[in-house]
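Here is a short structural report for the bench. Start with the sequence and the structure shown below, then read on.

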Amino acid sequence: MIALIGASPIFFTALQASINAPTEAFRGCLKSASAKATETKVAPDGIENYFKAECSAQLESLKSAVIAFRVKNGMAKKTAVEDANMTVEDYMAAPADRYRFIAGMNAPAKAEPPKSDA
């Protein structure tokens, strides 16, 4: 009985570790893709698509890990896929918002049309 209690945390730690590596790889890719997007002046409206293209391997790896983790913990496959898609979108949201904000701050100011004195 004691061995079973001791093995449970080890098992769950190992399961959690199966998600940590893909998560860190995806987050690292998003960070480097954001820097690259700034250099190449990617349009703010297209940043999510840019992230998906630049980090497609890491994105798929993270999705697969989340799906496997959720299914192993008793979640239905369809729900696990939806959860994995939401997880990926959540990880992309902050860097995309940050990129849009910085791009907006760095955009040249629009000149106002001259006012007529009439």
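## Surface and core

Methionine 105 is exposed, because its relative accessible area of 58% is over the 50% cut-off. This value comes from a predicted model. Methionine 105 sits in helix 4. Together with Phe101 and Ile102, Met105 makes a nonpolar surface patch of about 340 Å². The chain as a whole exposes about 8300 Å². Carbon and sulfur atoms supply 61% of that area.

**Overall fold.** The chain has four helices and zero strands. Read from the N terminus, the order of elements is α-α-α-α. The chain has 118 residues, and 25% of them count as buried. Contacts reach along the sequence: of those between residues at least 6 apart, 67% join residues at least 24 apart.

**The core.** In soluble globular proteins, nonpolar side chains tend to be buried together. Here the largest nonpolar core holds 20 residues. Phe26, Ile47, Tyr50 and Phe51 have the most contacts inside this core. Four elements give two or more residues to the core: helix 1 (2-40), helix 2 (47-54), helix 3 (56-72) and helix 4 (77-106). Helix 4 gives the most, with six residues.

Which residues does isoleucine 47 touch, leaving out those up to four places away in sequence? The partners of isoleucine 47 are Ala37, Val42, Ala96, Tyr99 and Arg100.

Valine 42 is one of those partners. Valine 42 lies in the loop between helix 1 and helix 2. Is valine 42 buried or exposed? Valine 42 is buried, because its relative accessible area is 16% and the limit for buried is under 20%. Beyond four places in sequence, valine 42 touches Ala37, Ile47, Tyr50 and Tyr99. Valine 42 and tyrosine 99 are 57 residues apart along the chain, yet their C-alpha atoms are separated by 9.5 Å.

Tyr99 also appears among the contacts of serine 34. Serine 34 lies in helix 1. With the same sequence neighbours left out, serine 34 touches Phe51 and Tyr99. Serine 34 has 17% relative accessibility, so serine 34 counts as buried.

**The disulfide.** How many disulfides are there? The count comes to one. Cysteine 29 and cysteine 55 form the pair, with their sulfur atoms 2.1 Å apart. The pair links distant parts of the chain, 26 residues apart. Cysteine 29 is in helix 1, and cysteine 55 is in the loop between helix 2 and helix 3. The torsion about the S-S bond is about -95°, so the disulfide is left-handed. Both ends can be placed by accessibility. Cysteine 29 is buried, with a relative accessible area of 10%. Cysteine 55 is buried too, with a relative accessible area of 0%.

The table lists the residues discussed above.

| Residue | Relative accessible area | Class |
|---|---|---|
| Cysteine 55 | 0% | buried |
| Cysteine 29 | 10% | buried |
| Valine 42 | 16% | buried |
| Serine 34 | 17% | buried |
| Methionine 105 | 58% | exposed |

**Back to the start.** Helix 4 holds methionine 105, which is exposed. Helix 4 also gives six residues to the largest nonpolar core.

Definitions and conventions
Residues are numbered from 1 along each chain as its sequence is written. This is a predicted model: local features need pLDDT of at least 70, side-chain atom pairs count only at pLDDT 80 or more; totals for chains, interfaces and linings use all residues. Side-chain values use heavy atoms; hydrogens and water are left out. A nonpolar core is a set of buried Ala, Val, Leu, Ile, Met, Phe, Trp, Tyr and Cys residues joined through side-chain atoms within 4.5 Å. Buried means under 20% relative accessible area, exposed over 50%, partly exposed in between (1.4 Å probe, protein chains only). Contact means heavy atoms within 4.5 Å. Patches are made of residues with over 30% relative accessible area and no salt bridge: like charges are joined within 9 Å, nonpolar side chains (Val, Leu, Ile, Met, Phe, Trp, Tyr) within 5 Å. Accessible areas come from the Shrake-Rupley method with a 1.4 Å probe; for residues, only the protein chains shown count as cover. A salt bridge is a side-chain nitrogen of Lys or Arg within 4 Å of a carboxyl oxygen of Asp or Glu. A disulfide is a pair of cysteine sulfur atoms within 2.5 Å.
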